[in-house]
Amino acid sequence: QVLAWGLRGLRSGVQAPSLEVQCGGRTLRTPTITDLATNPNFPINAFLLTLHLPAEEEYVPPIRLRVTDTRDFGYRPEVGQACVRSLGQYFCQPHGEGQPPGPGTPPYCPGPPLRKALQTRWARERGHRGHRGRLSPTHPAPHQAAEEEEDEDEDDWWSKFYAPTGDKAKSRRGTNRDRLKIYSCELEAVPEFEGLQDFCQTFPLYQPGGHPAAGEDPVPVGEFKGLFRIYPLPEDPGVPPPPRHFQELPPSQPQKCLVRVYVVRAFDLPPRDRNGLCDPYVRVSLGAKTLGQRDQYVPNTLEPIFGRLFEVTGTIPLEKDLRVSLLDYDLLPPDQEIGTTTIDLENRLLSRFRAHCGLPALYRISGPGRWRDQLPPSRALEHFARTRGLPAPEFNADGTTVTFGDHTFLLSHFESGPPVHQHLGVPRERLALHVLRACRLVPEHLETRTLYSSTQPGLEQGKVQMWVDIFPASLGPPGPPVDITPRKPQRYELRCVVWNTRDVDLGDTNLAGQRMSDIYVTGWLDGLEEQRQRTDVHYRSLQGDGGFNWRFVFSFEYLAAEQLCVLPRKEHFWSLDETVLKVPPKLILQVWDNDKFSADDFLGVLELELTRLPQPAQHPQNCTPIGQGTPQSPWPWRGAQAPSRLSLFRQRRVRGWWPCTVQEGSKRRLSGKLELSLELLTAKEAEERPAGKGREDPNMYPTLPAPVRPEWSFLWLQAPLRSLRYGIWRQHRCRISLGLALLLLLALLLTFIYAAPGYLAMKVVNPLQSLQLAGGEH
């Protein structure tokens, strides 16, 4: 039996082609296609050819195909030809011998029947969930269900995408969430879907009598869409022949369809620019329509994230070849082609595996995973049964039981307990979807397609991950498209107030021999070193204590779904585009000792990851080491227990004492303690509650007063006498007093020694003068 579906891709000069099928000395000629531009399918599609073939497969002659055109005066030039060998793949049993009737895969293709597949899937579900067809009640814990429902509203398609990859940081989905199948190859290369050519295969046609040059492959001049089935006829002429294959065929008229092309990402792209990267963008072509703009490129990457949806209408099979190309953006066109992949939309639309729109795991009537197909699951199941030649499914009144394929299925076979997900549909539709998924149909998926370039045929030019949905207009309007827009970061503002320090290492020695430090603190977010800020200096700290009341303000963009900061930056000053980097949100604080005439001394560091913030201590004495901490833990005050963690993006505000450490050899040592308050605000909240850096205006939220520092905490040059007073007098006042007293006594002694000779001389001279005066008078 021959299924002659149609001809594709013939040159424009062909007017009314027909097909000749030759095998075993017999020839079958199909009717001509009167208007190739309007409908390239044959008006009659199914044919029967009775042959006498050898029993041994290796001796079976090939099938030769000839396409001829009809011209005036009976002239029939040959347009293309093909030879089909290895006919064993088309051998099958006639209807009624172990397979149900119908045009689908079970009736005329090798493989297990449909009902066997359904029973196997049902048995597997029963084995997983319980015994004797009863499902064990595995209800989730109330808090777990509440958590899942709460996170479900925050879910997006990208969480579904990252869940199969095992990336828990980018996907918060649990094990029972909606699943997405990611194929590492093209959908038509998945073995279980038989190349999507289960309804009809594509046979390339070649130029008749043409001989390609040495080393070159022949170039096809067109395609024949069809299929063959070979089975024995009964030897007794009195026995009626078995029923024919290829019955209940789909309509052969062209269908107007809406095609949605979802291009998610690409990877392993070859570099096209001098910097070893490229600037790729997507271009989608179907027939004469082309979508994709060159200004929507992703700069400086070999693994672009596109997240683009393209909607295009086309008439299948007149416009069946969908081309998805990646091009490298250049400042001056034309742009370079990176690679292209071509998808046959007709095969997906006609395939019995329902490849035009993948089946999701859950039936939802709203929310991010809303049902997007044209038919609800129950109608899709009826359509599937009709194409397979099976009786229509019969549901009970409440939709929890269905009879299909000589078997009865219960909703409890697939679901244990009440559903915990939001937006789920009625039981009838959920049960129909479970049965459809048990029929080995194409699930909701993502295929990985290889790109090839026309300038380098046969060489891979990277891969693109995407999927295609096809919606015939005859089935009604489709559901809403899936939003795969790349996640956009949200702007946050981190306000860090440095209140006090305690027990900071003393790095200097003053004139009096005292250990001291001129303490200041610097801070920045990892990857945003250009936002580095520092406090003022607390001079002459004799015990490692410091008061600052200083506010750091950091602005950054945060991707909540991936828990990463987005850092757009230019690699070079001459770069035209920015390169996006993603790093965890980490606050880095360093304590330094200020020196005027030499490099500042490093005293300690504190690194706080905002998504995994250690619980702070409420008092500084609780930050002292207790016991022997773990070698890997930088938080020695917790002892052998790991500190509990919190996310600042959830708690939004926290205050307490954290330890700063310094590396000594292979261990980290506690080198001080910082009292901080951390507050995280969105961009809108930061605008409503403005706050300045340091103690600048607007000094609000909270208001920071000037720190109360000891009188000796000042700069030496500002008051040298006060420095002597607090640096020397307070510590050595007894010795200084005794020294001054001794100096006074020594001064008195020296004065006495100096004045004693003169005084004695005066005492000796004065009596002699008195005697002379007395003698003169006499």
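Biologist: Before we look at this predicted model, what does pLDDT stand for here, and how high is its mean for the protein chain?

Modeller: pLDDT is the predictor's confidence in each residue, from 0 to 100. In this predicted model, the mean pLDDT of the protein chain is 83, and 81% of its residues reach 70 or more. Over residues 125-153 the pLDDT is below 50, though this stretch still has 39 contacts in the model beyond near neighbours in sequence. Residues 626-634 also have a pLDDT below 50, with 10 contacts counted in that way.

Biologist: Good to know! Now to Asn699: why is this residue called buried?

Modeller: Buried means under 20% relative accessible area. Asn699 has a relative accessible area of 15%, so it is buried. Asn699 lies in the loop between α9 (683-688) and α10 (720-777).

Biologist: And what makes the approach of the Asn699 side chain to Leu704 a polar contact?

Modeller: The cut-off for a pair of N or O atoms is 3.5 Å. The side chain of Asn699 reaches the backbone oxygen of Leu704 at 2.9 Å, which is within that cut-off, so the pair fits the distance rule. Leaving aside neighbours within four places in sequence, Asn699 is in contact with Arg551 and Leu704.

Biologist: Let's turn to a sheet. How do you know that β17 and β18 pair?

Modeller: Pairing needs at least two bridges between the strands. Strand β17 (residues 401-403) is joined to β18 by 3 bridges, so the two pair, and they run antiparallel. Within this pair, Val402 stands opposite Phe409 in β18.

Biologist: What makes β16 and β18 edge strands?

Modeller: The open sheet has 3 strands in the order β16-β17-β18. Each of β16 (394-395) and β18 (408-410) pairs on one side only, and that makes them the edge strands.

Biologist: Which residues of helix α6 are buried?

Modeller: In α6 (residues 377-387), the buried ones are Pro377, Ser378, Ala380, Leu381, Phe384, Ala385 and Thr387. After the helix comes Gly389, with a positive phi near 70°.

Biologist: One last topic, empty space. How many cavities of 30 Å³ or more are there, and what lines the largest cavity?

Modeller: The count is 4 cavities of 30 Å³ or more. The largest has a volume of about 70 Å³, and its lining includes Trp5, Asn41, Gln253 and Ile316. Helix α5 (residues 345-350) gives the most to that lining, with 3 residues.

Terms used: Residues numbered from 1 in each chain as written. Predicted model: local features only at pLDDT ≥ 70, side-chain atom pairs only at ≥ 80, totals over all residues. Heavy atoms only, no water. Contact = heavy atoms within 4.5 Å. Helix = DSSP H or I, 4+ residues; strand = E, 2+ residues; numbered from the N terminus. Buried < 20%, exposed > 50% of the residue type's maximum accessible area, 1.4 Å probe, protein only. Polar contact = N/O pair within 3.5 Å; in protein donor to acceptor, adjacent residues only side chain to side chain. 1 Å grid on protein atoms, 1.4 Å probe; cavity = no way out; pocket = protein on both sides within 12 Å on 5 of 7 lines; lining within 4 Å. Points joined across faces, edges and corners; volume = space filled by probe spheres on them.
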